[in-house]
Amino acid sequence: MADIKSGPNPLFLREEELRQAIELLFFAYRDFTAEPDQILADYGFGRAHHRVIYFVGRHPSITVSELLQILGITKQSLSRVLGQLVAEGFIRQRPGQHDRRQRLLELTEKGAALERQLTENQRNRVARAFREAGAEAVEGFRGVLVNIMDEGNRARFAPRDAHAGAAAGEASKSPARRG
């Protein structure tokens, strides 16, 4: 009798399937970041700069403390990267309207141009992959990524149908739901 394998059972994955998933994530991330890394190198920046530029662009007027929460890094690490981005004119800081101790961050025109340049290839790559994989695969991919995250970060990505109704009421509570 021939050994006929069916697709992987999602409730019981073998070691080989898990290892292959880890490798797929590694190679996908490497290729996903390759072009932005080259652009960043021209500025003397690294991936930390990219993350700050991306999230400040995604959430205009984000506070430093909200950015720290999203990035999960120390104040000292953010201070170094943010200081350089401010000094070189990519990000502007201003005091909060209600609490002057808050520092609100936004991209300058120069920063917005760099963010677009860094993100363009990544957006095209993701759009192509989504088109080729199909709608069901896109939802499955999203579900896998959300479930790889630690519990605290999952709340930023409510299920699609719940997100539409909840987004209006909660948009002001979390910077990840704005924009």
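When I say that two residues are in contact, I mean that they have heavy atoms within 4.5 Å of each other. Please also keep in mind, as we go through this, that what you have in front of you is a predicted model.

Let me start with Thr63, which has its place in strand β1, residues 62-63. If we leave aside the neighbours within four places in sequence, Thr63 is in contact with Gln102, Arg103 and Leu104. Is Thr63 buried or exposed? Its relative accessibility is 9%, and so Thr63 counts as buried, given that the cut-off for buried is under 20%.

From there I would like to move to a pair of helices. Helix α1, residues 15-43, packs with helix α5, residues 109-133, at an angle of about 165 degrees, and their axes are 9 Å apart. Because of that angle, α1 is roughly antiparallel to α5, and the crossing of the two helices is right-handed. On the α1 side the contact is made by Asp31, Phe32, Thr33, Glu35, Pro36, Ile39, Leu40 and Tyr43, while on the α5 side it is made by Leu114, Gln117, Leu118, Asn121, Gln122, Arg125 and Val126. Sorted by class, this contact of α1 with α5 has 8 nonpolar, 4 polar and 3 charged residues.

One of those α1 residues, Tyr43, brings me to the aromatic rings. How many aromatic pairs does a search of the whole structure find? The search finds 6, and I will describe two that share a residue, Phe45. In one of them, Tyr43 and Phe45 are stacked, with 5.8 Å from centre to centre and 15 degrees between the planes. In the other, Phe45 and Phe90 are edge-to-face, with 5.3 Å from centre to centre and 75 degrees between the planes. Phe45 lies in the loop between α1 and α2, whereas Phe90 lies in the loop between α4 and β2, so this pair ties together parts that are 45 residues apart in sequence. Taken together, Tyr43, Phe45 and Phe90 form one aromatic cluster.

How are the members of this cluster placed with respect to the surface? Tyr43 has a relative accessibility of 35% and therefore counts as partly exposed, whereas Phe45, at 7%, counts as buried. Phe90 is buried as well, with a relative accessible area of 1%.

To close, I would suggest looking at Tyr43 once more, because this residue belongs both to the contact of α1 with α5 and to the aromatic cluster with Phe45 and Phe90.

Definitions and conventions:
Residues are numbered from 1 along each chain as its sequence is written. This is a predicted model: local features need pLDDT of at least 70, side-chain atom pairs count only at pLDDT 80 or more; totals for chains, interfaces and linings use all residues. Side-chain values use heavy atoms; hydrogens and water are left out. Helices (H or I, at least four residues) and strands (E, at least two) are DSSP runs, numbered from the N terminus. Buried means under 20% relative accessible area, exposed over 50%, partly exposed in between (1.4 Å probe, protein chains only). Axes are lines fitted to C-alpha atoms, for helices over the stretch in contact, and angles run from 0 to 180 degrees between N-to-C directions. Angles under 35 degrees count as roughly parallel, over 145 as roughly antiparallel, 65 to 115 as roughly perpendicular and the rest as oblique. A crossing is left-handed if the near helix is turned anticlockwise from the far one by less than a right angle, and right-handed if clockwise. Ala, Val, Leu, Ile, Met, Phe, Trp, Tyr, Cys and Pro count as nonpolar, Asp, Glu, Lys and Arg as charged, and the others, Gly among them, as polar. Rings of Phe, Tyr and Trp (its six-membered ring) pair if their centres lie within 6.5 Å; planes under 30 degrees apart count as stacked, over 60 as edge-to-face and the rest as tilted.
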